[in-house]
Amino acid sequence: MMKRIVLVTQFTPTKENYYGPTALLYYIIKNRSKNIEIKIYSFNLTNVPESMQAKSESELNCEIVNVKKREFISKLDYLRMRISGWFSNLPVWSFLKLNKNYVAEIKALLPDMVWVYPYQLIRISKQFESIPLVVTCCDSASLHYYRKLGDINYSKDKATYKNYRKYLNLESRYLKQNVLFHLVGLEDLKFLQRLLYPNVEKAFFLPHPHYSFIKKTTYFTAEKIKILISGQYNEYVKTDFDRLLNLLLQNKDLISEITITFIGKNWNVFSQQLQKCGYESTTITWVEEYFSEIINYDIQLFPTSLGTGTKGKVLDALCCGLICIGSKYAFENIMVQNGESCLQYNSVEEVPDIIHNVINQKEFYIKLASLGQSTVIEKHSPELISSLFFRKIFND
C-alpha cells in the first residue's frame, strides 16, 4: 500500500553535509521502500545551490519545493524574529512558519504523515496538528546546554543557562501535541523522557546512518605513528583538548614516536606550539576529498568534552578503519565497545598511555580498528536505519 509523506525542513537534503546537518535525512529518504512517496518543502537555510538541489531530487526521487526566502521571511520579519528570540523564552527559529498557501497545498495532498526537521520548527508542527506528525530532532539541545553548564569553562555562562531554559521550554511545548520524536542520541531520548515524556512511545532512538567512506588497508607505514585531529577547535573540544595539549607539551616522551596533523579551522596556533616543543605537526584547513585524506593516518583522536547526538567525524573515522581514541561523548550513540572496537578514555590524562599501548601492540590495535570498522558499517548501515525509521513511524 502506497504511503505519502510531506517533509517540511529547514535544510535541503544533500549527499554530504552542506554547511549544516543536511545529510541525515538524505540517507533515510534515499533508502526507503518503493511504496513510500515523499514530497519535500525546504526553507534551504544553508543555501544549497540549485544544481545540487536538482541532484538531490534525482537521487532521492522526490520533488523538492524550495520555499523562497522572500515568501517566508522579509528582512523586517527576520529582524523581528531575532529580537523576539532574544527576549522570548523560545529559541529564534521556533518562530518560523509556512505561508498559509503552502499549508493549504500540503493539506490538499492528503499526506499520511507530515515530517518536520528539526524540532525547532514547532510553529510548523502546529500548522498540521490534524495530521500524524513525526519530528526528527535530531538531538536534544537542552541536554547539550545542560552538559555545557557542567563544563568548567561554561558553568557560569549566563547565555548557556538562558539557552538551556529556552530549549526546555521548546521541548515542553510538544507535550500538547500528538508528535512522535526521532532522535539519533540515546541519552538525548532518556533526557527528554525523564523531563518531558515518561511515555516511551512518544519518542524513539535510532543510530545515525554512516555516509560514504573508504576502507583503510595499510597501517604504520611511516617511521612515526601518524595521529589526526579533525574538525574545529570550538566549545565541543576546548576543555579536553586544552588539557591534552598541556600534557603533550609537558611530557615530551612522545616527540620521537608520533606526528600530529590537524584538519580544520582554528588549530594553527596549537600546531605551532607543538612544533616549538619538538613535535612534527601540521595544519590542513581544507581537503577536497576528506576520506582519501584521513586513511593516510593511523590514529584519530577525539578529545570531545561536550556534545550530544552522534559525532559524524567519529563515524567517518571508524568506517574508514582508523584506530579511534576518544571520550565517552565521542563514542556516544555509536555501536562500538571500549577495548574491542574503539579506545575510550575516562580522563584525557590517559591518552598518552593509550598511545604508548598502541605503539607497543600494533597488531592487536589493527584488529581492534578492523572490528570497529565492520561493526559500524553493519549497524549504522543507511539501508538498515531507513528501514527501521519507516517501520517505526508507520507502526509496522
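1. Strands 2 and 3. In this predicted model, strand 2 (residues 36–42) pairs with strand 3 (residues 63–66). The sense is parallel, and the pairing runs over 4 bridges. I40 faces I64 of strand 3. Helix 2 (residues 50–60) joins the two strands in a β-α-β unit, and the unit is right-handed.

2. F390. Helix 17 (residues 382–393) holds F390. Its relative accessible area is 6%, under the 20% limit, so F390 counts as buried. What does F390 touch, beyond its neighbours within four places in sequence? The contacts are I5, I28, R32, I36, I38 and W115. Two of these tie back to point 1: I36 and I38 fall within strand 2, residues 36–42. D253 is another matter: 137 residues separate it from F390 in sequence, and the C-alpha atoms are 52 Å apart.

3. Aromatic pairs, F11 and Y117. The whole structure contains 26 aromatic pairs. One of them joins F11 and Y117: the ring centres are 5.9 Å apart and the planes meet at 65 degrees, so the pair is edge-to-face. Why does this pair tie together parts that are 106 residues apart in sequence? Because F11 sits in the loop between strand 1 (3–9) and helix 1 (24–30), while Y117 belongs to strand 4 (residues 113–117). Both partners are buried: F11 has 14% relative accessibility, and Y117 has a relative accessible area of 1%.

4. Aromatic pairs, Y174 and F181. Here the centres lie 4.9 Å apart and the planes stand at 75 degrees. The angle is over 60 degrees, so this pair too is edge-to-face. Are the two residues buried or exposed? Y174 is buried, at a relative accessible area of 0%. F181 is buried as well, also at 0%.

5. Ring cluster. Some ring pairs join up. Y233, F241, F262, W267 and F270 are linked by ring pairs into a cluster.

6. Charges over rings. Which ring does the charged end of K148 sit over? The ring is that of Y154, and the charged end lies 4.7 Å from its centre. K313 makes a similar arrangement with Y290: its charged end sits over the ring, 5.3 Å from the centre.

7. H144. Helix 7 (residues 141–149) is the place of H144. K148, from point 6, falls within that residue range. H144 has 7% relative accessibility, which is under 20%, so H144 is buried. Leaving out residues up to four places away in sequence, what does H144 touch? The partners are E235, Y236, G307 and T308.

8. T310. The loop between strand 11 (299–302) and helix 13 (312–320) contains T310. A loop position does not leave T310 exposed here: T310 is buried, with a relative accessible area of 14%. Its side chain has a polar atom 2.8 Å from the backbone oxygen of V184. That distance is within the 3.5 Å limit for a polar contact. V184 also appears among the residues that T310 touches, once those up to four places away in sequence are set aside. The others are H208, L315, E332, N333 and I334. L315 falls within helix 13, residues 312–320.

Definitions and conventions
Residues are numbered from 1 along each chain as its sequence is written. This is a predicted model: local features need pLDDT of at least 70, side-chain atom pairs count only at pLDDT 80 or more; totals for chains, interfaces and linings use all residues. Side-chain values use heavy atoms; hydrogens and water are left out. Two strands pair if DSSP finds at least two bridges between them. A crossover is right-handed if, with the strands pointing away from the viewer, the path from the first strand over the helix to the second runs clockwise. Buried means under 20% relative accessible area, exposed over 50%, partly exposed in between (1.4 Å probe, protein chains only). Contact means heavy atoms within 4.5 Å. Rings of Phe, Tyr and Trp (its six-membered ring) pair if their centres lie within 6.5 Å; planes under 30 degrees apart count as stacked, over 60 as edge-to-face and the rest as tilted. A charge sits over a ring if NZ of Lys or CZ of Arg is within 6 Å of the ring centre and within 35 degrees of the ring normal. A polar contact is a pair of N or O atoms within 3.5 Å; within protein, one must be able to donate a hydrogen and the other to accept it, and residues adjacent in sequence count only if both atoms are side-chain atoms.
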